[in-house]
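This report examines selected local environments, a helix pair, a nonpolar core and a ligand shell in one model. The sequence and structure are shown first.

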Amino acid sequence: MQPTTRSRIFCLTKELNFKRSLSSQELIERDNKYGGRHFKPLPVVLTRGEGVHVWDVEGKRYLDFLAGFSTVNQGHCHPRLIKVMKEQAAKIAHTSRAFYSEPHGELGEYLTKLFKWDKFLPMNTGVEAGDTAVKVARRWGYRVKKIPKEQATVVFAKNNFWGRSIAALSASTDPNCYTDFGPYVPRFDKVTYNDLNALEQKFQQDPTVCAFMMEPIQGEAGVIVPNNGYLKGVRDLCTKYNVLWIADEVQTGLCRTGKRLAVDHENQRPDILVLGKALSGGMYPVSGILADEQIIMCLETGSHGSTFAGSPLGNRVALEAVKVLEEENLADNARKLGQVLRTKLEKVPKDIAVEFRGRGLLAGLVINKEFGEGWDICVKLKEAGLLTRPAHGQILRISPPLTITKEQLEEGLSILTTVLNSYK
Ligand SMILES: Cc1ncc(COP(=O)(O)O)c(C=O)c1O
């Protein structure tokens with residue numbers, strides 16, 4: 001080997017070793033210096049994950065009670081997902097939809113047979129899938145419902161969250177999401193969540209409504225579970241007024257709430273189902289919509305697409321991700337352990353937590369403002385070996401990987417209650 005080559009390799013190795021040996025604090029400072037500030041991560045730098053555990057760069061182990069905002073339902077680095085990811089990446093990763101590839105149809109067939117809609121249209125992120133659903137609904141509004149040109153209205157539930165695009169923030173009622181990003185998308189209307197009278201009034205007053213988009217449980221709003229009967233009521237009203245029901249199950253879907261879908265708790269079937277997050281297994285972004293032929297086919301050739309959507313790598317991983325959820329009975333686990341979670345956290349005294357909300361392993365503990373700040377409590381939890389984040393300042397999210405065992409859940413809950421009891 002030439003001396004110059006050897007010294008170049010030496011320098012490179014030295015640089016890599018140097019980079020690897022940065023402390024958490026140094027890594028955080030570099031991140032803050034070079035990265036955008038649109039998000040404020042908890043001060044911990046993760047480098048490895050396995051199942052329900054993650055490790056920071058200093059080697060400390062944590063229980064992950066956030067699971068990437070309900071994305072890593074299958075647990076971190078599930079061996080089956082790593083295997084198919086490696087195999088598919090080595091075979092062919094990207095073709096674009098300019099050509100056919102095997103996993104696209106394979107995933108479509110599996111999902112449509114499992115969920116019982118005619119067709120699946122893959123996208124990448126949750127917000128793109130939501131946007132796709134809105135596009136389909138507007139098209140259907142003009143072509144099937146015969147709404148006059150440029151007048152199709154989409155109604156959204158207040159306090160919804162479906163992402164950060166211009167369309168999603170136009171639908172938002174949260175000033176943090178929409179302020180100073182206008183002008184907004186027109187003919188997006190909003191209605192109180194969990195209020196069937198208000199919804200019926202909207203439908204009665206406005207014949208231009210093509211769709212109602214909502215989450216069966218509002219996740220980012222702080223895990224708001226609607227009254228029993230709300231989903232059936234939404235179905236009935238949408239049918240009565242010829243409005244498409246779009247259920248955004250990006251967060252609630254894929255076993256998180258103790259059933260395959262959150263709408264299954266009331267045995268209801270939306271017209272368009274939006275999936276994301278756990279469809280990726282946390283490995284490669286995959287989202288999409290499921291709907292019947294006469295609705296989804298309103299998007300004909302040339303009217304929609306995305307370079308990465310439907311890639312062989314993404315679709316192969318998504319297929320395995322859903323099979324893992326099914327074959328490991330993770331909906332059942334979420335349902336059973338959701339009960340354990342509820343029993344324990346409903347007992348937290350009201351001066352500490354004013355309310356527990358949740359279904360399955362999607363839960364929120366509402367911390368009394370006078371007791372402490374959600375953020376500060378999450379920092380203390382981190383120090384004690386448990387990771388989560390607050391929603392809207394005071395709501396501690398509890399959404400671990402669905403592979404969690406009873407013992408691991410009890411360990412996490414014991415950390416949580418110990419920290420809360422010793423907080424002041
Ligand atoms: C219900 C719901 N829909 C859509 C989204 C947006 O997903 P993504 O961040 O992948 O765009 C989220 C993200 O939290 C969500 O909770």
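## Two buried positions

A309 is buried, because 24 other C-beta atoms lie within 10 Å, and the cut-off for this class is 20 or more. The model in which this holds is a predicted one. A309 belongs to the loop that runs between helix 11 (293–296) and helix 12 (312–327). Apart from neighbours within four places in sequence, its contacts are R97, P122, M123 and N124.

G338, by contrast, sits in a helix, namely helix 13 (residues 330–345). G338 also counts as buried, because it has 21 C-beta neighbours inside 10 Å. With neighbours within four places in sequence left aside, G338 is in contact with G258, G358, R359, G360 and L361.

For each of these two residues, one C-alpha pair is listed below.

| Pair | Separation in sequence | C-alpha to C-alpha distance |
|---|---|---|
| A309 and S287 | 22 residues | 8.4 Å |
| G338 and C255 | 83 residues | 12 Å |

## Helix packing

Helix 9 (residues 196–205) packs with helix 10 (residues 230–240) at an angle of about 10°, and their axes are 10 Å apart. Helix 9 is therefore roughly parallel to helix 10, since angles under 35 degrees fall in that class. On the side of helix 9, the contact is formed by L196, L199, E200 and F203, and on the side of helix 10 by Y230, G233, V234 and L237. By residue class, this contact comprises six nonpolar residues, one polar and one charged.

## Nonpolar core

The largest nonpolar core contains 113 residues. Within this core, the residues with the most contacts are A137, F212, L244, I246, I272 and L365. Helix 12 contributes the most to the core, with eight residues.

What does L244 touch, residues up to four places away in sequence not being counted? The partners of L244 are A137, W140, C210, A211, C238, D271, I272 and I295. A137 and I272 thus appear among the contacts of L244, and both are also listed with the most contacts inside the core.

## Ligand shell

The ligand is surrounded by 15 residues, of which T125, G126, V127, G163 and V250 come nearest. Helix 6 (residues 126–143) gives the most to this shell, with three residues. The composition of the shell is five nonpolar, seven polar and three charged residues.

Methods. Residues are numbered from 1 along each chain as its sequence is written. This is a predicted model: local features need pLDDT of at least 70, side-chain atom pairs count only at pLDDT 80 or more; totals for chains, interfaces and linings use all residues. Helices (H or I, at least four residues) and strands (E, at least two) are DSSP runs, numbered from the N terminus. A residue is buried if 20 or more other C-beta atoms lie within 10 Å of its own, exposed if 12 or fewer, and partly exposed in between; C-beta atoms are placed from the backbone. Two residues are in contact if their C-beta atoms, placed from the backbone, lie within 7 Å. A residue is near a molecule or strand if its C-beta atom, placed from the backbone, lies within 6 Å of it. Ala, Val, Leu, Ile, Met, Phe, Trp, Tyr, Cys and Pro count as nonpolar, Asp, Glu, Lys and Arg as charged, and the others, Gly among them, as polar. Axes are lines fitted to C-alpha atoms, for helices over the stretch in contact, and angles run from 0 to 180 degrees between N-to-C directions. Angles under 35 degrees count as roughly parallel, over 145 as roughly antiparallel, 65 to 115 as roughly perpendicular and the rest as oblique. A nonpolar core is a set of buried Ala, Val, Leu, Ile, Met, Phe, Trp, Tyr and Cys residues joined through C-beta atoms within 7 Å.
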